[in-house]
Every structure is written in C-alpha cells, then in structure tokens.
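Me: I'm new to this structure and would like to understand the words people use for it. Could you take me through a few of them?

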Amino acid sequence: QGEKKIFGQLWTEPKNEAAITAILSYTTEKANRREQKLGSFLVNLPESIIKTTLDLGIESAFPATTHPFTLTLTNTEGVSVSNIHLDFTNNSGIIWKDEIEKINLSPKETLALKGEISLPKTAGVFALQIKPQILINNQIINLDTVTKNISIVYPDVSVTASFNTNASYTEPNDIVPIKIFWKNNSQYDLKNLRIKLKSPIGIVNIKETARQNNLKISGSELILDASNRTLLSDGTPGSGGETDINLILLSSFSISQQEKAYLEITPAIEAELKEVAGQTFVNWGQEIRMLLATNAILKADARYFTAEGDQLGRGPLPPRVGETTKYWIFAQLQNTTNRLKNISFEAELSAGVKLTDKQSVTIGKPLENKNGKLTWDIFQLPANSITGWYFEVEVTPGAENLGKNLTLIRNINVTATDEETNKNFNLNSGAISNVLPINDIGRNEGSAVR
C-alpha cells in the first residue's frame, strides 16, 4: 500500500493534438511475473511557452530587394529553456545579424534577434517563416511557427539606351550622341520617375555633360527626371517616351591599366508605387558600349640633369662660344588602352648638332643615324606602355650664336596605328632647344650662348 508521485516535464508541439501513453511496469511480493498498467490521455496545448513575434515592417515589396526584420522570443514561464534552434530552411535568403546558435532563455526573458531577408526575383506572394525548435530526447519539438506573407510586386517598366552615331570607336574630347527610350508596360501608375545613366569613371565629363544637356548629377551618375524631361512627368500605364543626350568625353581618359577599354553606358529607371509604400524600385536596362581608341602622346625635351638631380650633360652651362656642351634628348611615347602597330620614329638634328655614341632605347633596336636624321621602327608596342628614346647630342656654338638659345632638334615625328580601331597617329614634337625644363636644375644656369 502507499502512493508514489513522479514529476517531469512534458514537451509537445502547441496547437497540435498529441496522444500520450504512460506505462507502469511492476512485480508484486507474491507473484513472480511482471505486470503493467496503461494510462493514456490527449494533450493539446493552446500556446507555446516561447512566444514568438516577427516584425518586418512591410507587407509588399519589389523583387530582389533586401529588408531588415526582428524576431523576438519571450520565455513566458518560470523555467529556463535551453538550446533553442531556429528552423528557416525554406528561406535561404535570410542573413542573421545576431548569434542564433544554442539560444538559451531564462525565466521570463525576452530576446530580440535581427536579420535581413533577400526577396526572390519573381512576383507573387512570399512567405517568410521561422520556427523556434528544441531537441528533447533526440526528438525535435516545434515550439512555435511565425509567418509573414509579403506581396512581391513587379512593375514591368523598361529603359534602353543606344548610340545615335555610326562611329565604331570614340576618343578624348569626342561628343557621343545617345538616345534614351522608356516604356511603362505595367498596370501600375508610376510616381517620381527618374532615369539614371551609369558610366565608368574617368571617361565622361559628367559636369559638362549635365550642364549642356540640362541634367542632374548623383555621385557619378547622370539623372533625368520630370524637372528636366517632361516625358517623365507621366507615369500612367502605357506611358513612355524618348530623348537625346550628347555625352561630352574628357580631354584625356583616366582608366588605370585597362586593355581594350570601352565607353560603357548602362541606363536604369526608378520610380515609386502607391501599392508599395515607402520603397523605390529600380529596373536596369541593357549596357551599351563603344570601343575607346588608344591615346598616344609624344613628349620630348632636352636635359642636362635628371629630375632627381643626377648630371647627364657635360661641358659649360650655359654654352660658350668655341666650347662643346653635351645634352641628352628625352623622347617618350605614352600609349594607353590598345596596342599600337607599325610604329616609326624619326628625329632631325639641327645644323651643327651631332649625335654621340651614347643612347638608350627601351624596346627594339638602337637608333640609326644617317646624315643627322635618326630613325627607328618596330612592328608592335603593348597597351599601357611607355616607349623611350634617349640619346646624347653635342654642340659647339660659334660667334654667330652669341646671346642666343640653340636649337638641338628640328623635329621629332612618331607615326603609329591603333591595332583595334585602325586610327592613325602622326605625332610631332616641334623644335627642341637647349632651354631646359622646369624640373632640370641646369635651367637656373641659363641657355643663351656666352
């Protein structure tokens, strides 16, 4: 005789009916066999001890957008709950900002967990669902299920850009005309329409293009809206229009070490819908591009010292009548995005100026001298390269040069062809005198013959 009470915790999924069976197995003092008693009952818990809320802040959104949310867990009972796990396997686009491994809640504790959800690219109803779970005796028990339905709205609005020219390439200082077309193919009424044009930094003169075309600027993008294009003032279903823009290119491109570079223009249209309050959608159009011609620049001057102050020349400075002074001629061809082909170099020495036996060419064969005319050629030069021709000349001024500067080189001429665009270059330095550049310390000594 007597009574024995056994206490424990029963875990079962809330709001789901579960059949519970208890089995008592025992032996009596007089019997040698084991007996058992069965007891069963049904359980249907109305609420979970873990109260779960999901705050998303939106009911509708645009495709492929990201939105923050907060998941709040509250332990409503006076016992601790350990090792809570969150099941969100149906929502691969969730990124958690807080730690969610092995969540433990003290009695009456509330925990807020922040995350972000990236929505699908297609329209429809998207269900954001999260299930707090606990593992009991190797069995997963769902503590709660919280679901938020989001209506994903896709406004079918298109924008295109096209070059309004037959040119196959473009280059610095060009004006490139483009045409912009947009169309509202949806059933939605669009508000605050804007078209933005994105291009690589260092090619388009954004400020001058905006000024000449009555556009706005946002960062490095050109902006069209209802204030500068009336075609964007009507966003009703079926509306649309086109406009022309002249892109003003920079006088020189700054595109680092790209090879075979392009002028790339990508249009995008953005607007608001009353059906998706407080959000702006952006639809990107197809990128258009035009090949950039390489930019070949010839620089040449005479030097007595290097820019670092190392002496190159020899003899009196400034030159003296009857005495020989030696200078170095520095000529450089700077090439940018495309390879050059069929390159030739020609320099003509002034009367009385002679080439010494000192020279340095960065690529290919040495300079050839035929009666004071220096020549050099090569089949190809790489993109983004600097080719240098460096040579020493000497001059012995006569009495007729007294008080005058000396012309060392009558002209340097470089011809080449852009391998990609077939643009021809014919570059000339003009006459090079013994007046030294600013970064040559020999300039302070003067140049006029004494």
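Me: What makes arginine 289 and glutamate 264 a salt bridge?

Reply: Happy to help! A salt bridge is a side-chain nitrogen of Lys or Arg within 4 Å of a carboxyl oxygen of Asp or Glu. In arginine 289 and glutamate 264 the closest N and O atoms are 4.0 Å apart, and the two form a salt bridge. The model is predicted, so local features need pLDDT of at least 70 and side-chain atom pairs count only at pLDDT 80 or more, while totals for chains, interfaces and linings use all residues. Residues are numbered from 1 along each chain as its sequence is written, and side-chain values use heavy atoms, leaving out hydrogens and water.

Me: Why is aspartate 225 called buried?

Reply: Buried means under 20% relative accessible area, exposed over 50% and partly exposed in between (1.4 Å probe, protein chains only). Aspartate 225 has 10%, so it is buried. Its salt-bridge partner, lysine 216, has 38% and is therefore partly exposed. The closest N and O atoms of this pair are 2.8 Å apart.

Me: How do you know that strands S25 and S30 pair?

Reply: Strands are DSSP runs (E, at least two residues), numbered from the N terminus, and two of them pair if DSSP finds at least two bridges between them. S25 (residues 340-349) and S30 (residues 407-418) have eight bridges, in the antiparallel sense. One of the bridge partners in S30 is valine 414, opposite phenylalanine 345. Valine 414 also stands opposite leucine 427 in S31.

Conventions:
Helices (H or I, at least four residues) and strands (E, at least two) are DSSP runs, numbered from the N terminus.
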